[in-house]
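Student: Could you take me through one part of this model closely? I'd like to stay with a single region and then see how the rest compares.

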Amino acid sequence: MTYEAKQVVTTVDEIRALIGEVYYTQDTKCIDHIDVHCKAWIERSPFLVISTMSNKGAIDVAPKGDPLGSWLVLDEKTIAIPDRPGNNRADTFVNILENPRAGLMFMIPNRREIVRVSGAASICKDPDLLARMEVGGKTPLLAILVHVEEAMFHCGKAVVRSKLWEPTAWASVEGLPTYGEALVDHGKLSIAVDELNEGLQEHERTTLY
């Protein structure tokens, strides 16, 4: 049976009554461009998460990882993100075509804070821009442009609570399903799990770029 909440919060007043007012540093931290602080962070980030939504309200959240400097700050209002070989679902691309908006979250290992950026989004294939994003002799076929409307530093409490960068606090991965197990079960595939796992590992080794 699907869980149904017994006490549903429906107003901002209810939320404020419980959590209190916004801290003065948080009420003023959002800017409308990429300044020197955000630029330095983005250029040192090897990992980001991009969130998009279709015109029907379907939400997609996708991770992207690349060498340092792969996310390009073209100017104070524009960030370029290269596309790399993946699962070819193209969920992010399709969502941007339908609803040209995106949210980004940039993370840096061993730093607690996160930089968040949001704004209008588009897809481009400008040869000169794509050439700047080459890795290992491979040039991306497409890039996502995010036209910055909001940028902010997010505090490190979530990372502190999760102990994300503290290996001694990490839980064991023993007993977790492999990627192949999940794909076989979810997709009701006829291929053997071991065979699929081996193929997936080879795919990761040979098609990163």
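Tutor: Happy to. Let's begin with K188, which sits in the loop between α7 and α8. Bear in mind throughout that this is a predicted model.

The backbone at K188 deserves a look: its phi is positive, at about 50°, although the residue is not a glycine. Is K188 buried or exposed? With a relative accessible area of 73%, K188 is exposed, because anything over 50% falls in that class.

Now turn to the two helices that this loop joins. A negative surface patch is made up of E181, D185, D194, E195 and E198. Two elements each give two or more residues to this patch: α7, which spans 179–187, and α8, which spans 193–206. Which of them gives the largest share? That is α8, with three residues of the patch. One patch member to inspect by eye is D194, which is placed in helix α8. D194 has 62% relative accessibility and therefore counts as exposed. So, as you look at this region, you have K188 in the loop between α7 and α8, and the negative patch drawing on both of those helices.

For a companion to K188, go to N88. This residue lies in the loop between β4 (78–82) and α4 (91–98). N88 also has a positive phi, here about 65°, and again is not a glycine. Its relative accessible area is 73%, so N88 is exposed.

For a contrast with these loop residues, look at the aromatic rings. How many aromatic pairs does a search of the whole structure find? The search finds one. The partners are W41 and F153, with ring centres 5.5 Å apart and planes at 75°, so the pair is edge-to-face; the angle qualifies because the cut-off for that class is over 60 degrees. W41 belongs to helix α3 (residues 36–43) and F153 to strand β7 (residues 143–154), so the contact ties together parts that are 112 residues apart in sequence.

The two partners also fall into separate accessibility classes. W41 is buried, at 6% relative accessible area, whereas F153 is partly exposed, at 30%. If you rotate the view from this pair back to the loop where we began, you return to K188, an exposed residue with a positive phi.

Conventions. Residues numbered from 1 in each chain as written. Predicted model: local features only at pLDDT ≥ 70, side-chain atom pairs only at ≥ 80, totals over all residues. Heavy atoms only, no water. Phe/Tyr/Trp six-rings, centres within 6.5 Å; stacked < 30°, edge-to-face > 60°. Helix = DSSP H or I, 4+ residues; strand = E, 2+ residues; numbered from the N terminus. Buried < 20%, exposed > 50% of the residue type's maximum accessible area, 1.4 Å probe, protein only. Patch = residues over 30% accessible without salt bridge, like charges linked within 9 Å, V, L, I, M, F, W, Y side chains within 5 Å. Areas by Shrake-Rupley, 256 points an atom, 1.4 Å probe, with all protein chains shown as cover. Salt bridge = Lys/Arg side-chain N within 4 Å of Asp/Glu carboxyl O. Lys, Arg positive; Asp, Glu negative; His and termini not counted. Charge placed at Lys NZ, Arg CZ, Asp CG, Glu CD.
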